[in-house]
Amino acid sequence: MIEFDKLAPPEKGRKIEMEKGKLQVPDQPVIPFIEGDGIGPDIMNASQPVWNAAVEIAYGDKRKINWFEIYGGEKASEMYGEPLPQDTINAIEHYIVAIKGPLTTPVAGGYRSLNVTMRQMLELYACVRPVKYYRGVPSPVNNPEQMDMVIFRENTEDVYAGIEWEQGTEEVKKVIEFLNKKMGTDIAEDSGVGVKPMSIRGTKRLVRKAIKYAIDNERNSVTLVHKGNIMKFTEGAFRDWGYEVAVDEFRDHVITEDELWDQVKGPDGVTPTTKKGAFKHLRGGREPGNPGKRIVIKDRIADQMFQQVLTRTDEYDVVALPNLNGDYLSDACAAQIGGLGIAPGANIGDYIALFEPTHGSAPKYRGLDRVNPSSLILSGVMMLKYMGWVEAAELIEDALGKTIMDRKVTYDFARHLKGVEPIKTSEFGQEIIRRMKN
Ligand code: NAP
């Protein structure tokens, strides 16, 4: 039995376990949650009733989530005197599936970011963000429905590793001197310096997760996005190690784009294409050894990928990227489907999965019951799917779609829709529940 300093787990319910790489979810799981700072309480209070109602409608008395509040950010600082107490880390490590609201990074206190620290402490190396369009959501592009991607962003390495030295310090002088004298570089004396480590292990475990997801969910392709034309030994290596995982570990399930192009001509008889559906006869099946039905592994250079997601949106499916590229691309893609208010996310490691909305704590909207809870609600949908409670997840997705189609939306969508009066955060949750029940 796990002991906590200041937490009392619910008396009812059991923990979710991982056995031989497979998640074992009891019917009455204990799931820890962090309410979050700023708008955290507004969106958590709207979301939990939606998740509970969906589970009840889908499974009756058979299944129920036993929520267990744990603390991060401002609430934790009040209780423990620090924003990320050991109790919280221990609880997530023990219960292995958890969900959180956004946390404000304290200006003082030595944290670069609470969220980044948490991901690193728990080794949550994959940031997973499905980017999918719901009809009726105002979007800045003409065909937002073409966007249906799942982004796997590496979470622990790259320039986010936090290794950098400030301009003018003794440390940076030493680093510059070493590099200029011993490594033949020519770095200006008045520079700040950062380090961009990218490892075989860090890359392969991320790409492995993306390919496994593509196989399990019958997706069409996995695209490795990198800036390897310039940063050959980090970003270029990401691409090379990514292909290595694909071919060495998933040979029977994948075909590289080059292999495909060698085998098949495109519709015009010359140009190959990987447009969704163009190679229907080559995909969709999981039969090992059948070269005709495999997931296509391709790669794209990051800058042109930003263009591609706008101009050839439907050619991309599962996407794997290093940390910084992933950060940029996931927000850019979210904009195409209606913005951060509706973009869910999860941070996943080998065992532990922590679900969270992609936006921050938006402090100016704190307590106003105004913001869009969809990002957190849909993070819960991801969590339910991850747990295998697909029926409950689908009920929510369906009802959320209907709610938006009925133009019952919060301010962020209403401001782009003529003649639509915004509803409150809490009302949006209730509207979803009403549509699930009908
Ligand atoms: P933010 O909290 O994401 O808010 C930026 C803007 O995005 C808001 O002003 C609002 O735009 C829109 N927005 C965010 N959430 C929304 C929602 N649920 N519904 C509708 N619109 C929404 O970014 P920030 O102001 O840069 O960051 C605030 C704090 O959050 C910082 O301390 C940061 O470190 C932290 N943060 C935490 C996480 C996390 O916990 N994972 C992630 C990012 C940032 P309008 O003003 O146009 O309405």
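**Ligand shell and largest pocket**

The ligand is surrounded by 20 residues (each with a heavy atom within 4 Å of it), of which Gly 360, Ala 362, Lys 364, Tyr 365 and Tyr 411 are the closest. The model is predicted, so that local features need pLDDT of at least 70 and side-chain atom pairs count only at pLDDT 80 or more, while totals for chains, interfaces and linings use all residues. Residues are numbered from 1 along each chain as its sequence is written, and side-chain values use heavy atoms, with hydrogens and water left out.

**Ligand**

- In the side chain of Tyr 411, an N or O atom is 2.5 Å from an oxygen atom of the ligand, and for Lys 364 the corresponding distance to a ligand oxygen atom is 2.8 Å.
- A nitrogen atom of the ligand lies 3.3 Å from a polar side-chain atom of Glu 356.
- On its own the ligand has 880 Å² of accessible area (Shrake-Rupley method, 1.4 Å probe), and the protein covers 68% of this.
- The shell around the ligand is made up of 8 nonpolar, 7 polar and 5 charged residues, with Tyr counted as nonpolar and Gly as polar.

**Largest pocket**

- The volume of the largest pocket is about 1200 Å³, where a pocket is an open set of points on a 1 Å grid that fit a 1.4 Å probe, with protein on both sides within 12 Å along at least five of seven lines.
- It is lined by 36 residues (an atom within 4 Å of a point), and Tyr 213, Asp 216, Asn 217, Ile 348 and Tyr 386 are the closest to its centre.
- Helix H6 (200-216) is one of the elements that supply at least two lining residues, and H6 gives the most, with 6.
- The lining comprises 21 nonpolar, 3 polar and 12 charged residues.

Terms used: Points joined across faces, edges and corners; volume = space filled by probe spheres on them. Helix = DSSP H or I, 4+ residues; strand = E, 2+ residues; numbered from the N terminus. Polar contact = N/O pair within 3.5 Å; in protein donor to acceptor, adjacent residues only side chain to side chain.
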